[in-house]
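Reader: I have a structure to read and want to start with one helix. Where do I begin?

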Amino acid sequence: MTVGGVTFKRYLEIAQVLKKETVVVTDNDGDIEAVKKKYKEYEGLSYIHICVDETVDTSNLKLSDKAFDYNTLEPKILKENGRKLL
């Protein structure tokens with residue numbers, strides 16, 4: 001299930017109350033500390049798992065004069081699996 005915005009936090013709150021096995025797959029947006037801070041209250045819970053690549057990828061690639069963000073899910077999935085597999 002894909003959720004975002006305000007509903008995202010609500011789903012985690014519900015999972016916490018129900019002790020429901022939950023896995024969050026998220027990107028790091030180039031700021032690992034911000035991700036850790038965002039999910040700090042769920043640390044140590046055996047039923048909520050936060051999955052994030054802790055490597056911040058950089059490059060000088062630009063698209064329409066804007067720096068390309070390699071730290072979103074799609075580029076990370078491509079990096080880990082390769083173009084041929086995808």
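Author: Start with a cut-off: a residue is exposed when its relative accessible area is over 50%, and buried when that area is under 20%. Keep in mind that this is a predicted model.

Reader: Which exposed residues does the face of α1 turned away from its buried side carry?

Author: That face carries Val6, Val17 and Leu18.

Reader: Which residues of α1 are buried?

Author: An α-helix has 3.6 residues a turn, so residues three or four places apart point the same way. Here the buried residues of α1 are Phe8, Leu12 and Ala15. Seen down the axis of α1, they fall within an arc of 60°, so they line one face of the helix.

Reader: What do the buried residues of α1 pack against?

Author: Their partners are β1 (22-25), α2 (32-38) and β2 (48-51).

Reader: What phi does Lys19 take, just after α1?

Author: Lys19 has a positive phi of about 55°.

Reader: How many aromatic pairs are there?

Author: Two rings pair if their centres lie within 6.5 Å, and planes over 60 degrees apart count as edge-to-face. The count comes to 2 aromatic pairs. The ring centres of Phe8 and Tyr39 are 6.0 Å apart and the planes are at 80°, so this pair is edge-to-face. It links distant parts of the chain: Phe8 sits in helix α1, and Tyr39 in the loop between α2 and β2, 31 residues apart. Both Phe8 and Tyr39 are buried.

Reader: Which residue forms an aromatic pair with Phe68?

Author: Tyr70 does, edge-to-face, at 4.9 Å centre to centre with 80° between the planes. Phe68 is partly exposed, at a relative accessible area of 29%. Tyr70 is partly exposed too, at 23%.

Conventions:
Residues numbered from 1 in each chain as written. Predicted model: local features only at pLDDT ≥ 70, side-chain atom pairs only at ≥ 80, totals over all residues. Heavy atoms only, no water. Buried < 20%, exposed > 50% of the residue type's maximum accessible area, 1.4 Å probe, protein only. Helix = DSSP H or I, 4+ residues; strand = E, 2+ residues; numbered from the N terminus. Arc of directions from axis to C-beta. Contact = heavy atoms within 4.5 Å. Phe/Tyr/Trp six-rings, centres within 6.5 Å; stacked < 30°, edge-to-face > 60°.
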